[in-house]
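Please open the structure in your viewer and keep the selection panel at hand. The tour below proposes one selection after another and says what is found at each stop.

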Protein chains: 2
Amino acid sequence: MTESNPDIEISRRRLLGTVGAAGAAGLALGATGGALAHSAFDDSPAGASGSAGSLASLGATQVAFDGEHQAGITTPLQAKGHVLAFDLAPGAGRKEAAALMRRWSDTARLLMAGKPASGADSGIALDAGPSSLTVTFGFGHSFFERTGLTSRRPTALDPLPDFSADRLDAQRSNGDLWVQIGADDGLVAFHALRALQKEAGEAARVRWQMNGFNRSPGATAAPMTARNLMGQIDGTGNPKPAQPDFDKRIFVPAAGPGPAEHAWMGGGSYAVVRRIRMLLDDWDKQSLAQQEQVIGRTKATGAPLTGGTETTKMALDKIGPDGKPVIASNAHARISAPEQNGGAAMLRRPFSFHDGIAADGTPDAGLLFICWQADPLRGFVPVQRKLDRGDALSEFIRHESSGLYAVPPGPRDGEYVGQRLLEG
Amino acid sequence: MTESNPDIEISRRRLLGTVGAAGAAGLALGATGGALAHSAFDDSPAGASGSAGSLASLGATQVAFDGEHQAGITTPLQAKGHVLAFDLAPGAGRKEAAALMRRWSDTARLLMAGKPASGADSGIALDAGPSSLTVTFGFGHSFFERTGLTSRRPTALDPLPDFSADRLDAQRSNGDLWVQIGADDGLVAFHALRALQKEAGEAARVRWQMNGFNRSPGATAAPMTARNLMGQIDGTGNPKPAQPDFDKRIFVPAAGPGPAEHAWMGGGSYAVVRRIRMLLDDWDKQSLAQQEQVIGRTKATGAPLTGGTETTKMALDKIGPDGKPVIASNAHARISAPEQNGGAAMLRRPFSFHDGIAADGTPDAGLLFICWQADPLRGFVPVQRKLDRGDALSEFIRHESSGLYAVPPGPRDGEYVGQRLLEG
């Protein structure tokens, strides 16, 4: 899979000289687009055929749809995101689901290449490049009943256990089909959302939909771990793709010891999606020292309270002058630390959300928590179980919705996502 | 006022060589920040003191708070926005309003320079540069009763006339105080929103709040007129700051023929803010040809249906083979054309909005229409009156809220916004 390039500072010299990954995407822009997109570029004062066209690095960054894994899992965080679930329409089954996944895959493949959707394109993304657009598809537990495929449903999709802090809204949880859209441009992301909703046609209807965002590329002096809306650096403990066991932790083995009827998930991953409301008014009333005690890390740098930098290992046994652990026993960083949970078995890749003001006058804002793992029972579940018991952060957050989805592997050329399940 | 630079492609060579406007802002980053921000930069692997710090052009772009006019009027469109209105709290009057405007101005000045708010900063914008942040303040009609200043209320603030197509929600309209926040980074914008809400303290409470977005810098190959969520190029007819009568149309004269009691508005402007819902499901059912007839322009390029490019003057008298005007008599572009309305007397500077799915299942999306003018009776009102009578677009949109605000001039060094009214 072509990774999008987080470095937006590609100089004109470099782009016109050596054609690297992003450079190739930029130059490819001139050749993309159907009639509508093409004429837009031709008529613009400095179209893609001119040198100015090569300069739009944010817009030009392209992520491949086809590949071993679906895009949007290890792709760098994008500035805008939509996550939504669909339910198959009454009467729709395996055949309609297969046709829908083919339409969706065809559309996603076009849009991620910066081309308009086939048929009547809304034009919302015209002029813009692919802007790191990714579209990711998953299947929920109920999908397998609807399609008569329960015998091929992995046990990893068994419903998550209840957690005592859950305040889940069933209307915004689960769903037959799950779609994640991310892009560095808001109109490109919205365009994809509309195009996919349109392709759903009569086969499926939206169950819930959420909007999110992350930092824009180039907002920080150098690429850094993201902050969330509490102001906390969030994602320090994430496994890195360069680590030798990364694939094993995040992706289902292509040919593994699992039952053969689940072979369609080889190269896939499981996504846990939680709308985690942050009680920001309460959080902001805490002093900096109190916040740092709750988290166990220095707010400004993300370094453990036991010293060092963001990436320094926490000295969990270190005792302070008061005889208590410097990183409190209920500190969020301690409880969620990979080394306290048999290694980091999940990759967190969230969006922040902000839906204005809730009925009670507080901000309806927080984290669209999305984590990826080869097995939720070794990833999300044990960590959340521990957090549920004794995380100091829990009084400042509220889990409002939950979904668990089987995200099939990336399609091989010409395939659609999920074909190995639906036609296997 | 320093304008933000829409060109995100500043090569390392250029930035380290000639120090231009954006370069200066980038270099200034190393000197900004209180204790919290400063330590974050120091501890990062490639802080602002290193060369990597100079490269974050999106983050480094800074807009001046002080100046002849407030920022956020002629500033290029930003990728993220929040607009919100506050009502003064019961019992709060002129004194509390003055203190609030001072606190807000102090905070906005700090944040727009990329510094944390004084006191306990939430940290949400840590690591990021100012990212073109602007904060703009305005006063609604009711503000003058609340502060005992009705004698100094300009007649330009008289309530807008009713339009037949209005479906206005009073709860999301008007308000004593109006705040517009824009930035190219979502966390920087949210940080400013939270900081300003906090500074409101007991003096004022939020009446309504809306979130918006525009294209990200660099998403298109060259800077282009924006598109809206209908896919239409939107803003072609906008007056350009280089035009000789631009200031006269958009800003209240510094010392003009108006009554002396309104001199506090010299250099200010009036903002009309309308939440315009787009009925996108209906719009998307129209063929491309039908959409182009409604608008009077080619969708892909924005060129008039009578030919040329986006900036070609419409041939409004041109008759087609069917004996009818090529640009229909009810085409949106004809009715709203500057030449049909005594010249373009308003500057439109909107954000798109998308708040998920409405109760009826359609997208709750559209345009946060914001337009700027020296006099609403010569800007928004006559155009909207004509559109209200016979715009073919009107069946696809719905005005859901409305506000009109007097936006005072920019502060002189040390002043707060509105000081010439509140202490004059």
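What follows is a walk from the confidence values through a helix, the core, the salt bridges and the aromatic rings.

**Before you start**

Residues are numbered from 1 along each chain as its sequence is written, while chains are lettered from A and ligands numbered from 1 in the order in which they are written. This is a predicted model, in which local features need pLDDT of at least 70, side-chain atom pairs count only at pLDDT 80 or more, and totals for chains, interfaces and linings use all residues, and side-chain values use heavy atoms, with hydrogens and water left out.

**Confidence**

Colour chain A by pLDDT, the predictor's confidence in each residue on a scale from 0 to 100. The mean for chain A is 86, and 85% of its residues reach 70 or more. Now select residues 1–55 of chain A, where pLDDT stays under 50 and for which the model has 89 contacts beyond four places in sequence; a contact means heavy atoms within 4.5 Å. The model scores ipTM 0.88 and pTM 0.89.

**Helix 5 of chain A**

Select residues 94–112 of chain A, which form helix 5; helices (H or I, at least four residues) and strands (E, at least two) are DSSP runs, numbered from the N terminus. The expected span of a helix is 1.5 Å times one less than its number of residues, so the 19 residues of helix 5 should span 27 Å, and the end C-alpha atoms, 26 Å apart, agree with that. Buried residues of this helix include Ala97(A), Met101(A), Trp104(A), Ala108(A) and Leu111(A), where buried means under 20% relative accessible area, exposed over 50%, and partly exposed in between, with a 1.4 Å probe and protein chains only.

Just after helix 5, Gly114(A) takes a positive phi of about 80°. Further along, Asp127(A) lies in the loop between helix 5 and strand 2 (134–139) of chain A, and its phi is near 85°, a positive value in a residue other than glycine. Is Asp127(A) buried or exposed? At 3% relative accessibility, Asp127(A) counts as buried.

**The nonpolar core**

Select Trp104, Phe137 and Leu177 in both chains, together with Leu422(B): of the 162 residues in the largest nonpolar core, these touch the most other members. A nonpolar core is a set of buried Ala, Val, Leu, Ile, Met, Phe, Trp, Tyr and Cys residues joined through side-chain atoms within 4.5 Å. Centre the view on Phe137(A) and, leaving aside neighbours within four places in sequence, look for its contacts, among them Phe65(A), Met101(A), Trp104(A), Ala108(A), Trp178(A), Leu196(A) and Val417(A).

**Salt bridges**

A salt bridge is a side-chain nitrogen of Lys or Arg within 4 Å of a carboxyl oxygen of Asp or Glu, and the count comes to 50 over all chains. In chain B, select Asp166(B) and Arg274(B), whose side chains meet in one such bridge at 2.7 Å, N to O. This pair links distant parts of the chain, with Asp166(B) in the loop between helix 6 and strand 3, Arg274(B) in strand 5 (residues 269–278), and their places 108 residues apart in sequence. Asp166(B) counts as buried at 13% relative accessibility, and Arg274(B) counts as buried at 1%.

Next, select Arg348(B) and Asp234(B), whose side chains meet in a salt bridge at 2.8 Å, N to O. Arg348(B) is in strand 6 (residues 347–348) and Asp234(B) in the loop between strand 4 (204–213) and helix 8 (246–250) of chain B, 114 residues apart. Arg348(B) counts as partly exposed at 25% relative accessibility, whereas Asp234(B) is buried, with a relative accessible area of 19%.

**Aromatic rings**

The last stop has 22 aromatic pairs over all chains; rings of Phe, Tyr and Trp (its six-membered ring) pair if their centres lie within 6.5 Å, planes under 30 degrees apart counting as stacked, over 60 as edge-to-face and the rest as tilted. Select Phe144(A) and Trp264(A), a tilted pair with 5.9 Å centre to centre and 40° between the planes. Phe144(A) is in helix 6 (residues 141–146) of chain A, and Trp264(A) is in the loop between helix 8 (246–250) and strand 5 (269–278), 120 residues apart. Both Phe144(A) and Trp264(A) are buried. Add Phe139(A) and Phe143(A) to the selection, and the four residues form one aromatic cluster.
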